Amino acid sequence: MTTPHPGEPRPTPDQPAERPLIETPLEELSSPETVQADPAEQSGKRLELPDAEWRRVSRKLIAVEFISEGAGLVLVTAAVVFVALVWDWTWIWWPFAAFAVISLIAAAFIPRRIRSIGYQLRADDLLFRRGIMWQRFVAVPYGRMQLVDINRGPLSRAFGLADLKFVTASASTGVVINGLPEAEAEGLRDHLVAVAESRRTGL
(Lines give C-alpha, C1' and ligand atoms only; values in the text may rest on other atoms or scores of the structure.)
Protein backbone atom coordinates (compact mmCIF):
# COMPACT_ATOMS: atom_id res chain seq x y z
CA MET A 1 0.00 0.00 0.00
CA THR A 2 1.47 3.36 -1.05
CA THR A 3 1.48 6.32 1.33
CA PRO A 4 0.25 9.61 -0.23
CA HIS A 5 2.58 12.55 -0.14
CA PRO A 6 1.85 15.38 2.23
CA GLY A 7 -0.65 17.83 0.83
CA GLU A 8 -2.07 15.29 -1.69
CA PRO A 9 -5.79 14.58 -1.25
CA ARG A 10 -6.69 11.06 -0.20
CA PRO A 11 -8.92 9.15 -2.64
CA THR A 12 -12.27 8.26 -1.25
CA PRO A 13 -13.73 4.81 -2.00
CA ASP A 14 -17.08 6.13 -3.15
CA GLN A 15 -15.58 8.79 -5.52
CA PRO A 16 -16.70 8.00 -9.14
CA ALA A 17 -14.05 7.61 -11.81
CA GLU A 18 -13.56 10.43 -14.30
CA ARG A 19 -15.43 9.94 -17.59
CA PRO A 20 -14.26 11.29 -20.94
CA LEU A 21 -16.00 14.38 -22.24
CA ILE A 22 -16.79 12.70 -25.62
CA GLU A 23 -17.76 9.08 -25.83
CA THR A 24 -16.99 7.52 -29.19
CA PRO A 25 -17.50 3.81 -29.79
CA LEU A 26 -14.32 1.94 -30.62
CA GLU A 27 -15.87 0.56 -33.79
CA GLU A 28 -16.39 4.08 -35.21
CA LEU A 29 -12.79 5.06 -34.50
CA SER A 30 -11.24 1.97 -36.02
CA SER A 31 -13.50 1.56 -39.05
CA PRO A 32 -12.01 3.09 -42.24
CA GLU A 33 -13.93 5.47 -44.46
CA THR A 34 -16.00 3.66 -47.03
CA VAL A 35 -15.11 4.59 -50.64
CA GLN A 36 -17.30 3.33 -53.42
CA ALA A 37 -15.29 1.87 -56.29
CA ASP A 38 -15.98 2.57 -59.90
CA PRO A 39 -18.58 0.13 -61.28
CA ALA A 40 -16.35 -0.55 -64.28
CA GLU A 41 -13.49 -1.54 -61.95
CA GLN A 42 -15.77 -3.75 -59.87
CA SER A 43 -17.19 -5.65 -62.79
CA GLY A 44 -13.97 -5.82 -64.82
CA LYS A 45 -16.03 -5.68 -67.97
CA ARG A 46 -15.79 -3.49 -71.02
CA LEU A 47 -16.07 0.18 -70.17
CA GLU A 48 -19.28 1.72 -71.45
CA LEU A 49 -20.74 5.14 -70.82
CA PRO A 50 -24.44 5.12 -69.84
CA ASP A 51 -27.01 6.78 -72.08
CA ALA A 52 -24.44 7.32 -74.84
CA GLU A 53 -25.42 7.10 -78.49
CA TRP A 54 -22.25 6.23 -80.37
CA ARG A 55 -21.85 7.01 -84.04
CA ARG A 56 -20.04 4.21 -85.84
CA VAL A 57 -17.68 4.32 -88.77
CA SER A 58 -18.55 2.74 -92.11
CA ARG A 59 -18.42 -1.04 -92.37
CA LYS A 60 -16.53 -0.58 -95.63
CA LEU A 61 -13.49 0.08 -93.48
CA ILE A 62 -13.40 -3.65 -92.74
CA ALA A 63 -12.81 -4.39 -96.42
CA VAL A 64 -10.15 -1.68 -96.60
CA GLU A 65 -8.31 -3.17 -93.63
CA PHE A 66 -8.52 -6.70 -95.05
CA ILE A 67 -7.10 -5.54 -98.38
CA SER A 68 -4.29 -3.63 -96.69
CA GLU A 69 -3.42 -6.60 -94.48
CA GLY A 70 -3.51 -8.99 -97.40
CA ALA A 71 -1.37 -6.74 -99.60
CA GLY A 72 1.27 -6.49 -96.90
CA LEU A 73 1.33 -10.25 -96.43
CA VAL A 74 1.68 -10.80 -100.19
CA LEU A 75 4.63 -8.39 -100.42
CA VAL A 76 6.41 -10.02 -97.48
CA THR A 77 5.80 -13.48 -98.97
CA ALA A 78 7.26 -12.42 -102.31
CA ALA A 79 10.34 -10.98 -100.60
CA VAL A 80 10.86 -14.15 -98.53
CA VAL A 81 10.53 -16.39 -101.59
CA PHE A 82 13.03 -14.27 -103.51
CA VAL A 83 15.58 -14.37 -100.68
CA ALA A 84 15.12 -18.10 -100.12
CA LEU A 85 15.65 -18.91 -103.81
CA VAL A 86 18.54 -16.54 -104.54
CA TRP A 87 20.63 -16.93 -101.39
CA ASP A 88 19.32 -20.33 -100.33
CA TRP A 89 18.34 -19.08 -96.88
CA THR A 90 16.03 -21.87 -95.84
CA TRP A 91 16.01 -20.69 -92.23
CA ILE A 92 14.04 -17.60 -93.26
CA TRP A 93 10.86 -19.67 -93.52
CA TRP A 94 10.67 -20.00 -89.72
CA PRO A 95 10.39 -16.28 -88.93
CA PHE A 96 8.10 -15.91 -91.94
CA ALA A 97 5.79 -18.61 -90.56
CA ALA A 98 5.60 -16.77 -87.21
CA PHE A 99 4.89 -13.50 -89.02
CA ALA A 100 2.16 -15.14 -91.12
CA VAL A 101 0.44 -16.60 -88.04
CA ILE A 102 0.49 -13.25 -86.25
CA SER A 103 -0.89 -11.52 -89.35
CA LEU A 104 -3.74 -14.01 -89.65
CA ILE A 105 -4.65 -13.63 -85.98
CA ALA A 106 -4.64 -9.84 -86.34
CA ALA A 107 -6.81 -10.11 -89.46
CA ALA A 108 -9.34 -12.21 -87.57
CA PHE A 109 -9.87 -9.34 -85.10
CA ILE A 110 -10.34 -6.67 -87.77
CA PRO A 111 -14.19 -6.74 -87.76
CA ARG A 112 -14.37 -6.42 -83.98
CA ARG A 113 -11.73 -3.71 -83.93
CA ILE A 114 -13.64 -1.66 -86.52
CA ARG A 115 -16.92 -2.09 -84.65
CA SER A 116 -15.29 -0.75 -81.48
CA ILE A 117 -14.55 2.62 -83.12
CA GLY A 118 -17.10 5.32 -82.41
CA TYR A 119 -17.54 8.96 -81.53
CA GLN A 120 -20.11 11.06 -79.75
CA LEU A 121 -20.87 14.78 -80.06
CA ARG A 122 -21.51 16.12 -76.57
CA ALA A 123 -22.31 19.60 -75.30
CA ASP A 124 -18.72 20.71 -74.72
CA ASP A 125 -16.52 18.17 -76.45
CA LEU A 126 -16.23 15.29 -78.88
CA LEU A 127 -15.75 11.90 -77.24
CA PHE A 128 -13.86 9.27 -79.23
CA ARG A 129 -13.28 5.63 -78.41
CA ARG A 130 -11.49 2.65 -79.94
CA GLY A 131 -9.94 -0.65 -78.91
CA ILE A 132 -11.11 -4.06 -77.74
CA MET A 133 -8.83 -5.23 -74.93
CA TRP A 134 -6.98 -1.93 -74.49
CA GLN A 135 -9.59 0.77 -74.82
CA ARG A 136 -8.88 4.40 -75.46
CA PHE A 137 -11.36 7.16 -74.64
CA VAL A 138 -10.40 10.71 -75.66
CA ALA A 139 -12.48 13.82 -75.04
CA VAL A 140 -11.52 16.71 -77.34
CA PRO A 141 -12.97 20.08 -76.20
CA TYR A 142 -14.40 22.11 -79.06
CA GLY A 143 -12.63 25.27 -77.98
CA ARG A 144 -9.19 23.61 -78.15
CA MET A 145 -9.48 22.31 -81.70
CA GLN A 146 -6.90 24.10 -83.82
CA LEU A 147 -7.28 22.15 -87.06
CA VAL A 148 -9.81 19.69 -88.46
CA ASP A 149 -8.37 17.96 -91.51
CA ILE A 150 -9.66 15.34 -93.96
CA ASN A 151 -7.31 12.73 -95.48
CA ARG A 152 -8.17 10.37 -98.33
CA GLY A 153 -5.85 7.59 -99.41
CA PRO A 154 -6.15 5.78 -102.77
CA LEU A 155 -7.83 2.75 -101.24
CA SER A 156 -10.13 4.86 -99.07
CA ARG A 157 -11.21 6.93 -102.07
CA ALA A 158 -12.06 3.75 -103.95
CA PHE A 159 -14.53 2.87 -101.19
CA GLY A 160 -15.77 6.44 -100.72
CA LEU A 161 -14.22 6.83 -97.27
CA ALA A 162 -12.17 9.53 -95.58
CA ASP A 163 -10.21 10.03 -92.36
CA LEU A 164 -10.99 12.96 -90.08
CA LYS A 165 -8.07 14.30 -88.03
CA PHE A 166 -8.28 16.68 -85.08
CA VAL A 167 -5.23 18.74 -84.10
CA THR A 168 -5.14 20.38 -80.66
CA ALA A 169 -2.54 22.14 -78.55
CA SER A 170 -1.79 18.87 -76.75
CA ALA A 171 -0.28 16.05 -78.78
CA SER A 172 -1.80 13.43 -76.44
CA THR A 173 -5.35 14.40 -77.40
CA GLY A 174 -4.86 14.10 -81.14
CA VAL A 175 -7.62 11.99 -82.67
CA VAL A 176 -8.04 10.41 -86.09
CA ILE A 177 -11.42 8.92 -86.99
CA ASN A 178 -10.89 6.46 -89.83
CA GLY A 179 -13.49 5.11 -92.21
CA LEU A 180 -16.06 7.89 -92.31
CA PRO A 181 -18.15 8.30 -95.47
CA GLU A 182 -16.93 11.31 -97.41
CA ALA A 183 -20.19 13.25 -97.01
CA GLU A 184 -20.29 12.60 -93.26
CA ALA A 185 -16.62 13.56 -92.86
CA GLU A 186 -17.11 16.87 -94.68
CA GLY A 187 -20.29 17.70 -92.76
CA LEU A 188 -18.65 16.84 -89.44
CA ARG A 189 -15.60 18.94 -90.29
CA ASP A 190 -17.72 22.01 -91.11
CA HIS A 191 -19.79 21.55 -87.95
CA LEU A 192 -16.75 21.20 -85.69
CA VAL A 193 -14.98 24.19 -87.25
CA ALA A 194 -18.05 26.36 -86.68
CA VAL A 195 -18.48 25.20 -83.08
CA ALA A 196 -14.76 25.63 -82.34
CA GLU A 197 -14.79 29.19 -83.70
CA SER A 198 -17.83 30.11 -81.62
CA ARG A 199 -16.28 28.67 -78.45
CA ARG A 200 -12.99 30.49 -78.97
CA THR A 201 -14.73 33.81 -79.56
CA GLY A 202 -17.07 33.29 -76.62
CA LEU A 203 -20.29 33.48 -78.63
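Two strands pair if DSSP finds at least two bridges between them. Helices (H or I, at least four residues) and strands (E, at least two) are DSSP runs, numbered from the N terminus.

The model is predicted: local features need pLDDT of at least 70, side-chain atom pairs count only at pLDDT 80 or more, and totals for chains, interfaces and linings use all residues. Residues are numbered from 1 along each chain as its sequence is written, and side-chain values use heavy atoms, with hydrogens and water left out.

**Exercise 1. Describe the sheet that contains β5, β6 and β7, and place α7 relative to these strands.**

Step 1. Start with the chain as a whole. It has seven helices and seven strands, in the sequence pattern α-α-β-α-α-α-β-β-β-β-α-β-β-α.

Step 2. Read off the strand order. The three strands form an open sheet, ordered β5-β6-β7, and the pairing is antiparallel. The edges are β5 and β7 (175-181); each has a single partner strand, so one side of each lacks a neighbour in the sheet. From one strand to the next, the twist averages 20°. Axes here are lines fitted to C-alpha atoms, for helices over the stretch in contact, and angles run from 0 to 180 degrees between N-to-C directions.

Step 3. Examine one pairing. Six bridges connect β5 with strand β6 (residues 161-168) in the antiparallel sense. M145 has T168 in β6 as its bridge partner.

Step 4. Add the helix. α7 lies across β5, β6 and β7 and runs at about 170° to β5.

**Exercise 2. Find the salt bridges of E65, R152 and D190, and state where the partners lie.**

Step 1. Fix the criterion. A salt bridge is a side-chain nitrogen of Lys or Arg within 4 Å of a carboxyl oxygen of Asp or Glu. The whole structure contains six salt bridges.

Step 2. Take E65. Its partner is R113, with 3.5 Å between the closest N and O atoms. The pair links distant parts of the chain, as E65 is in helix α3 (residues 60-86) and R113 in helix α5 (residues 110-115), 48 residues apart.

Step 3. Take R152. Its partner is E182, the closest N and O atoms being 3.6 Å apart. R152 sits in the loop between β5 (145-151) and α6 (154-158), and E182 in helix α7 (residues 182-201), so the pair ties together parts 30 residues apart in sequence.

Step 4. Take D190. D190 bridges to R189, with the closest N and O atoms 3.4 Å apart. Through shared partners, salt bridges also join R152, E182 and E186 into one network.

**Exercise 3. Is S103 buried or exposed, and what does S103 contact?**

Step 1. Set the classes. Buried means under 20% relative accessible area, exposed over 50%, and partly exposed in between (1.4 Å probe, protein chains only).

Step 2. Apply them. S103, in helix α4 (residues 93-108), has 8% relative accessibility and therefore counts as buried. Of the 203 residues of the chain, 24% are buried. For comparison of class, E65 at 23% is partly exposed, and D190 at 45% is partly exposed.

Step 3. List the contacts (heavy atoms within 4.5 Å). Leaving aside neighbours within four places in sequence, S103 touches E69 and L73. The S103 side chain also reaches the backbone oxygen of F99 at 2.9 Å.

Notes
Polar contact = N/O pair within 3.5 Å; in protein donor to acceptor, adjacent residues only side chain to side chain.
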